[in-house]
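User: I would like to learn how to read a structure, one feature at a time. Where should I begin?

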Amino acid sequence: MSLLEVENLTKSFSAGRDWLGRRTKWLNAVKGVSFTLERGECLAVVGESGAGKSTVGRMVLRLIEPDSGSVTFDGIDVLATKPKQLRALRQRMQMIFQDPYSSLDPRMTIRDAVAEPLLVHTDKDRATREKEAVELLDKVGIGSRYLERYPAELSGGQLQRVAIARALTMKPSLIVCDEPVAALDVSVRAQVLNLLRDLQEELGLAYLFVCHDLALVEVIADRVMVMAAGEVVETDTTDQIFANPRQEYTKKLLAAIPVPLPRDAQGNRLVAPGRVG
Ligand SMILES: Nc1ncnc2c1ncn2[C@@H]1O[C@H](COP(=O)(O)OP(=O)(O)OP(=O)(O)O)[C@@H](O)[C@H]1O
């Protein structure tokens with residue numbers, strides 16, 4: 001059994017109303033999307049803006065309610081879960097957003113932000129919660145001098161590290177990453193990407209990695225699902241997508257990568273520069 005099985009997900013958004021406020025136009029944002037994700041695997045979802053990538057990622061966690069289809073996480077029918085069960089389930093499948101600042105409470109210190117899920121969802125005492133938060137922050141490269149700081153005092157890259165630590169607090173097996181480095185300075189993108197990859201290896205995490213930038217995808221993804229206009233164009237291993245794209249649309253996306261990706265003498269892709277620790 002795969003960790004995540006998604007079948008035939010569909011979502012329309014209302015795109016216009018008549019003078020009585022009735023919905024007249026519908027936009028089919030996601031049309032019959034199916035895929036699976038194994039434990040410890042990274043599946044990238046790529047495509048141009050508006051392809052429906054984020055909507056798919058959010059529907060997996062039911063942050064957006066699908067119109068139809070099914071989502072099975074670790075054997076559990078996600079769309080059938082009751083609110084309480086869904087809250088518990090969402091600890092095992094977390095999400096990291098493009099803008100880390102908006103995902104953190106500005107009035108909470110960094111340590112409290114990471115410890116908070118333990119307060120809400122476990123009966124661990126304060127000392128244990130804080131100890132675990134500090135360990136996680138250390139793991140993502142945030143030093144002890146930032147523990148008492150507030151989000152506004154950190155850089156975008158640091159905040160994304162904090163958001164990653166917070167996502168890890170409840171030991172999830174899946175993280176939906178929605179353009180996790182797109183809002184960061186180019187100089188820190190590779191570092192955060194490498195951090196995500198190292199954590200994936202160490203903790204056996206699965207990622208559903210929503211990303212419009214194919215150059216990043218090649219570094220982190222095991223498989224790639226290409227989407228256009230709400231539909232899956234093709235899904236294949238990352239190596240196949242880059243070496244042997246079958247669909248014209250995928251070839252066009254690849255041709256749009258501005259610089260050739262660095263490779264060693266054997267033609268193997270090189271890891272992103274700026275590797276952390
Ligand atoms: N809440 C919403 N209400 C109305 N339309 C929406 C809503 N959310 C998304 N859409 C529309 O659905 C389509 C797919 O959006 P989605 O954000 O999933 O695409 P995407 O591939 O992630 O692109 P981007 O990278 O630009 O976010 C777009 O046309 C978008 O405008």
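Analyst: Begin with the shell around the ligand, bearing in mind that this is a predicted model. The largest share of that shell, three residues, comes from H1.

User: Which elements give two or more residues to the shell around the ligand?

Analyst: They are strand S2 (23-37) and helix H1 (53-60). Among the residues surrounding the ligand are Phe13, Leu27, Lys53, Ser54, Thr55 and His212. By character, the shell divides into four nonpolar, seven polar and one charged residue.

User: How does H1 lie relative to the strands?

Analyst: H1 lies across strand S3 (42-46), S7, strand S8 (206-210) and S9, and runs at about 150° to S8.

User: What is the order of the strands in the open sheet?

Analyst: The order of its six strands is S6-S7-S8-S3-S9-S10, and the pairing is mixed. Strand S6 (93-96) and strand S10 (231-237) are the edge strands, each pairing on one side only. On average, neighbouring strands are turned by 15° against each other, direction ignored.

User: How many bridges join S9 to S10?

Analyst: Six bridges join strand S9 (residues 223-228) to S10, and the two run antiparallel. As one case, valine 226 has glutamate 234 in S10 as its bridge partner.

User: What span should helix H6 have?

Analyst: A helix is checked at 1.5 Å a residue, so the 18 residues of H6 (residues 186-203) should span 26 Å; the end C-alpha atoms are 26 Å apart, which agrees. The buried residues of H6 include Arg189, Val192 and Leu196. Their cover includes helix H5 (156-168), strand S7 (174-178) and helix H7 (214-220). After H6 comes glycine 204, with a positive phi near 65°.

Notes
Residues numbered from 1 in each chain as written. Predicted model: local features only at pLDDT ≥ 70, side-chain atom pairs only at ≥ 80, totals over all residues. Near = placed C-beta within 6 Å. Helix = DSSP H or I, 4+ residues; strand = E, 2+ residues; numbered from the N terminus. Nonpolar A, V, L, I, M, F, W, Y, C, P; charged D, E, K, R; others polar. Expected span 1.5 Å × (residues − 1). Buried ≥ 20, exposed ≤ 12 C-beta atoms within 10 Å, placed from the backbone. Contact = placed C-beta atoms within 7 Å. Pairing = 2+ DSSP bridges. Axes fitted to C-alpha atoms, helices over the stretch in contact; angles between N-to-C directions.
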